[in-house]
Amino acid sequence: MEQAPMLFIPGPTYVPEEIARAQARPMIGHRSREFTALFERILPRLQAIFRTRGRVFFIAASGTGLWEAAVRNLVRRKVLCLINGAFGERWYQVALANGKEAVPVSVEWGKGIRPEQVVAALEEHRDVEAITLVHNETSTGVMNPLREIAGAVHQTFPGVLILVDAVSSLGGAPLETDAWGLDFVLTSSQKCLALPPGLAFCAVSERALEKAKEVPHRGYYFDLLTLARYADRGETPATPAISLLYAADLQLARILEEGLEARWERHRRMAERLQAWAMERFGLFAEDGYRSWTLTCVANTRGIDVGALNEFLRSRGKVISSGYGPLKGKTFRIAHMGEIQPHHLEELLADIEEWLDAQP
């Protein structure tokens, strides 16, 4: 069997072999004592990673499913959608598709969203119930100043809920659900948590759950109040992805063994190393001061053939990602998240340098 390449892409990310093997454990019933024990091991680990003492839920879905959960449960009518990349735009489209009055606040790709821009938009739309924000935009390599934005919203419009996509940041960069007053924080299994795709996790504040009680037509599968009711007895409403939860049980414990702050610091060091290299050899798409800790979007200032580079890298057992959407060919993206270690990054950079040196 051909060996899979090391993934330096925005996701899925590299899954250690022992985590992948954990999925092969014998099946159990999801209404059994064994499942409740699994459930009760996973939840406090998730709380530690989300930095919350509040509710956390998991569900068999991608992060996209929890975009829908957020707007269906927590917005009766009007939501402000902050957009500075492809995934902020997509969350806005999800809000529209669910019949919400969604107001887009668009910022140039590559730029970070400023707190004062959010406050200005809320001044204009005072009947907004919530904001949506992508913490880390993998389409552009921009990390938005979540703490500062949340602080500004709480100071000026304290009744507005703060809904956060942390799909590519949770576990790889500082995020404090309780301390920053975040109401709904979602992530996916296949990014910084370095699990197989198929699970989504979220942290939900008490005031968000109270808001959900006022919102009609929350749907069925993603109803937060139903998830909470079942969680109180150590269960999920629908059949969970038990094999994936076996892997999560082990990997979440590994993450906490490394130490969350140590994991953040590892990601920061890799970002600093890669971005220094990119500035020397190419350029960076994201503006200074707003660059991601988990993914670097390199400006293709030399006009290289990214596809040809990737073919060479595949021959060395590695793969990176091309630019996203309108940035295809203009940028390429290198993820350094999850279980990627500094030595993996050094090996990748050595291979890229070899390929660059061979170009005419």
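Select R302 and F282 to begin: in this predicted model, the charged end of R302 sits over the ring of F282, at 5.4 Å from its centre. Keep F282 on screen, because its 9% relative accessibility places it among the buried residues, and then add W277 to the selection. The ring centres of W277 and F282 are 5.8 Å apart and their planes stand at 55°, so this pair is classed as tilted. W277, with a relative accessibility of 5%, likewise counts as buried.

For another charge over a ring, move to R25 and Y246. Here R25 lies over the face of Y246, and the distance to the ring centre is 4.2 Å.

Next, turn to the aromatic pairs, of which the structure holds seven. One of them joins Y221 and F222, whose ring centres are 5.0 Å apart and whose planes meet at 80°, which is over the 60 degrees required, so the pair is edge-to-face. Colouring these two residues by accessibility separates them: Y221 counts as partly exposed because its relative accessibility is 36%, whereas F222, at 15%, falls under the 20% limit and therefore counts as buried.

Now select F35, F39 and F58, which together form one aromatic cluster. Two of these names, F39 and F58, return at the next stop, since they are listed in the lining of the largest cavity.

A search of the whole structure finds two cavities of 30 Å³ or more, and the largest cavity holds about 40 Å³ of space. To display its lining, select F39, L43, V56, F57, F58, L227, A231, E235 and T236. Which elements give two or more residues to this lining? They are α2 (33-50), β2 (55-60) and α8 (224-231), and the largest share, three residues, comes from β2.

The last stop is S169, which is found in the loop between β8 (161-165) and β9 (184-188). Is S169 buried or exposed? Its relative accessibility is 0%, and S169 therefore counts as buried. Show the side chains of S169 and H135 together, and a polar contact of 2.8 Å can be traced between them. To complete the surroundings, leave aside the neighbours within four places in sequence and select the residues with which S169 is in contact, namely H135, N136, M143, L175 and C192. H135 thus appears both in this contact list and as the partner of S169 in the polar contact.

Technical notes:
Residues are numbered from 1 along each chain as its sequence is written. This is a predicted model: local features need pLDDT of at least 70, side-chain atom pairs count only at pLDDT 80 or more; totals for chains, interfaces and linings use all residues. Side-chain values use heavy atoms; hydrogens and water are left out. Helices (H or I, at least four residues) and strands (E, at least two) are DSSP runs, numbered from the N terminus. Buried means under 20% relative accessible area, exposed over 50%, partly exposed in between (1.4 Å probe, protein chains only). A polar contact is a pair of N or O atoms within 3.5 Å; within protein, one must be able to donate a hydrogen and the other to accept it, and residues adjacent in sequence count only if both atoms are side-chain atoms. Contact means heavy atoms within 4.5 Å. Rings of Phe, Tyr and Trp (its six-membered ring) pair if their centres lie within 6.5 Å; planes under 30 degrees apart count as stacked, over 60 as edge-to-face and the rest as tilted. A charge sits over a ring if NZ of Lys or CZ of Arg is within 6 Å of the ring centre and within 35 degrees of the ring normal. On a 1 Å grid over the protein atoms alone, a cavity is a set of points where a 1.4 Å probe fits but cannot get out, and a pocket is an open set with protein on both sides within 12 Å along at least five of seven lines; lining residues have an atom within 4 Å of a point. Grid points are joined across faces, edges and corners, and a volume is the space filled by probe spheres set on the points.
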